[in-house]
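These are my notebook entries on a structure that I had not examined before. I record what I looked up, entry by entry.

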Amino acid sequence: MKISFFTLIFLFINLTTTIVLADEPKMEEDNSLSQDFVFEELICDQASKSKCERIKKEARFKSGEKISDKDLRNAKIRIQLLGLFKDVNLSLKKGSAKGKVVVAVETSDRSPVYTIMGLQAGYGDVNDSNGLEANADFTVGHRDIFGTGKNLSLSSRGWGRTSTGSTTGSALLRYSDPNLLGHRKWFLNFELFANKEDFNYLNADNFVGSLEIGRRYGDFSYWTVGYGKGYSKINRYYDESGTFQEDSLILGYGYNTQDDLYFPTSGSRINLKVAIQLDSSISNGLTTANFSNLLGNFDWRTTHRLDNKLFLTWFIEQRNNQLEQDDFLNDGLGFELGFQPVRNREGTDITDMRFYAAPSISSYSGFGGVESNLNVGVKLRSKSFGLVRLGLFGSHR
Amino acid sequence: MIDFKNLLTFGFIFFISQTVLANMELSFQPINGNIAIKSNGFNDFNKQFIKDINSGLSVKIIQIIRFNDRNKTVNLHQNVFSIRYDLWDETFLFKEAQNTIQKIKNLEQLIALLKNKTTINLLFSKKEASLDRDFFFETIYVINPITKEKSGIIKKWMAEKFVGPSSQEVGSETNSFIAGMVNSLVQTELDKNIYGADKQIVFKSKKINYRTLEAL
C-alpha cells in the first residue's frame, strides 16, 4: 500500500487531536434575564407539514419538560443548520397557565437547488509538455429530495492542455443521505462516475460505481465502509491495449471540524480512504491477469484565523491512482492564504468573497519529478450563481 | 492626523443645525472654535430587531458606536444589555451591564431608551479637523453573540449533517452547502472570544467631510 511515512505521522497527530477536541466544550452564557419555562407544544408558521416534523425533531423538546432561553437559542441554531430555511425565528406564546409556553417557529424557505462552478486557467511547464491548461467544473444539486433532506447532485468537469491536445471529461452523479433511516449517526453515499481521458500516449474510458455507508462517532469523526465496481477500457498508442475491471472494498476514516468547506475560518479536516481491490483483472484480449492491490487517498488540511479577514490553511494530500497498471502516487503539501473582505454580508448578491493564493509542491512517483504549483483566484458565494471559484495557476515540474 | 484625545471631549451641546442622514441623525454646532457633533439615534429600527425583542426570549445585545475615517476605526462607546419581553406582565425587562433590572411599559419607551443609549457628544477641534477627508459614524448592534466555546457545540451539530467527501475529486464540494448554513451566524469584529452572532445590524451615517464642518 502506497501510504508514505509522513502520512502516517500526520494521521497519528490528528487522531490524537481528535481525542482532545472531542471533549464537550464549556460554554459561558449570560443568563441575567433568562427564565425557565414549561414547554407545551411547538407550532410552525408557514413551514410545510413534513418540514415542521423536522423542525420538531431538531428542537428536541418534549411536552411538559422545562426549557430555558439557552435551550431555545440552541434549538434555533439546529433548525438553521438544517439548511432548508433562509431565516428562522422563534417566539414564545402564552400556554395554558403562567410559566407554560407554546414555541412558535417562523421560517422562510430557502431554495433547495444549489450550484457550484469553477473555472481555472494557467500555464503548465510539465516535463516536455509546456502549454496552456484550463479546467472547468459545474455541479447542480438538490438538497431536499422529496422533502426528506436527502441530497442528489450531478457534477461535470472538463480539462484540456493545448500543447499535447490532451483532454479529460467526467461526470459524477451523487446521492447522499445524511441521516440513514432517520438515524442521527448513520449516513449513506451512492456515486456513479464516468470519465473519458485522451492523452498523447493513451485514451481511456472509465466507469466507477460505489455505495458507502458511514457512521459518525465522537463529535467530529466518522468512518465509512463501501463497495465499488470499476471498469476501464484503455487504448495505448505505443503498447498493448486492454480492459481493466475491479471490485473493491472501500474503507474510509474522516474527521472534520472546519466551519465551512469553501470559506473555512478555523478547524481541521482529514480524509483517509483505502480501496482494497478484490478480484481485479486486466485483459488485453489474449491474456487476463488477476491481481489484488491496495490504493489509498489521504488529505489533511487545517485552517487558522490570522485576523478577521485573513485565513491560512495548511494542507497535505496524497493521491494514489492506478493508471495503466503502474501505480501513480502524488504527494503534495502547501498552504493557502485567503483574504476575505466580504463575509456573511446581507442585502447583496455576493454574500462571501475570498481571494486566495496557494503555493504547493508535489512529488510524483509514477512519472517522477517534483512539481511546484501556484494557484491564485477568488471564491464567491453568490445568491444568483451559488458557489463560484475563478482562478489562475502555474505549474513547473 | 486627528488626535482623538482632543477630539473625544464630551460636553453639553446646543444645536443650531440638524442633518438627517441615511439612517443615523447627526447634529452639528460650532462652539468656541470647535465643532460639536451629536448623534440622535436612528430613523428606523430594523423590523427583525423588533421581532427579536418581542419574542419572549431574552436577547443579549452588544451596542458599539464607532467613528471611521480612512485611516482608522475607533470604538467610541460600547454598551452591553439584555432585554426580555415578559409574556404575562406584558412589560419589557431591561438590564444594562451590572445595573438593576428596569421594567419598561411598552415598545415605544424601550426604543426611546435604546435611542438614548446611542447618543454621543463629540467636540472636534477645528485645527485637527482641517484635513480634506471624509469620515462617518456607525452604530452596530450585535444580537445574541456566540462565544468561541459555543461555536464548538455548533460545529458538533454541523458534523451531524456531514456525509464525508466525495470519492472523486469532481463534486467534492457538494457538502459545502451544509457549512454554508452558518451564513446566518454573523462574524463580528469585536472580541476574539466572540465567534459570531445571531444577527448584526449596522446603522451608518452619510460620509461627512471635515471641510464641511470647518465651514460651520
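I take helices (H or I, at least four residues) and strands (E, at least two) as DSSP runs, numbered from the N terminus. With that settled, I looked up Gly386(A) and found it in strand S19 (residues 386-396) of chain A.

**Basis of the entries**

I note that this is a predicted model, in which local features need pLDDT of at least 70, side-chain atom pairs count only at pLDDT 80 or more, and totals for chains, interfaces and linings use all residues. Residues are numbered from 1 along each chain as its sequence is written, chains are lettered from A and ligands numbered from 1 in the order in which they are written, and side-chain values use heavy atoms, with hydrogens and water left out.

**Entry: Gly386(A)**

I asked whether Gly386(A) is buried or exposed. I use buried for under 20% relative accessible area, exposed for over 50%, and partly exposed for what lies in between (1.4 Å probe, protein chains only). Gly386(A) has a relative accessible area of 17%, and therefore it is buried. I then looked up its contacts, a contact being heavy atoms within 4.5 Å. Setting aside neighbours within four places in sequence, I found Gly386(A) in contact with Thr115(A), Leu380(A) and Arg381(A). I also compared Gly386(A) with Val140(A): they are 246 residues apart in sequence, and their C-alpha atoms are 9.5 Å apart in space.

**Entry: chain A as a whole**

I counted three helices and 19 strands in the secondary structure of chain A. Of the 397 residues in chain A, 50% are buried. Among the contacts in chain A with a separation of 6 or more, 52% come from residues 24 or more positions apart.

**Entry: helices H2(A) and H3(A)**

I looked up how helix H2 (residues 49-59) of chain A lies against helix H3 (residues 69-80) of chain A: their axes come within 8 Å and cross at roughly 135°. Axes here are lines fitted to C-alpha atoms, for helices over the stretch in contact, and angles run from 0 to 180 degrees between N-to-C directions. Angles under 35 degrees count as roughly parallel, over 145 as roughly antiparallel, 65 to 115 as roughly perpendicular and the rest as oblique. I therefore enter H2(A) as oblique to H3(A).

I asked which residues meet between H2(A) and H3(A). From H2(A) they are Ile55(A), Glu58(A) and Ala59(A), and from H3(A) they are Ala75(A), Arg78(A) and Ile79(A). By class, the residues of this contact are four nonpolar, no polar and two charged. Nonpolar covers Ala, Val, Leu, Ile, Met, Phe, Trp, Tyr, Cys and Pro, charged covers Asp, Glu, Lys and Arg, and polar covers the others, Gly among them.

**Entry: the four-stranded sheet**

I count two strands as paired if DSSP finds at least two bridges between them. In chain A I found an open sheet of four strands in the order S2-S1-S4-S3, with mixed pairing. Its edge strands are S2 (66-67) and S3 (85-94) of chain A, each pairing on one side only. S3(A) pairs with strand S4 (residues 100-109) of chain A in the antiparallel sense, over nine bridges. In that pairing I located Val88(A) opposite Thr107(A) in S4(A). H2(A) packs on the sheet and touches strand S1 (37-45), S3 and S4 of chain A, its direction making about 155° with that of S1(A). H3(A) also packs on the sheet, touching S1, S2, S3 and S4 of chain A, with its direction at about 150° to that of S3(A).

**Entry: strands S9 to S11 of chain A**

I found strand S9 (residues 186-198) and strand S10 (residues 202-217) of chain A paired in the antiparallel sense over 13 bridges. A hairpin joins S9(A) to S10(A) through three residues, and Glu197(A) stands opposite Ala204(A) in S10(A). S10(A) also pairs with strand S11 (residues 221-236) of chain A, again antiparallel, over 16 bridges. Here Arg216(A) has Tyr222(A) in S11(A) as its bridge partner.

Within S10 of chain A I looked up Ile213(A). Its relative accessible area is 30%, so I enter Ile213(A) as partly exposed.

**Entry: Phe146(A)**

Most residues other than glycine have a negative phi. I noted that Phe146(A) has a positive phi of about 55° although it is not a glycine. Phe146(A) sits in the loop between strand S6 (129-145) and strand S7 (150-161) of chain A, and it is exposed, with a relative accessible area of 79%.
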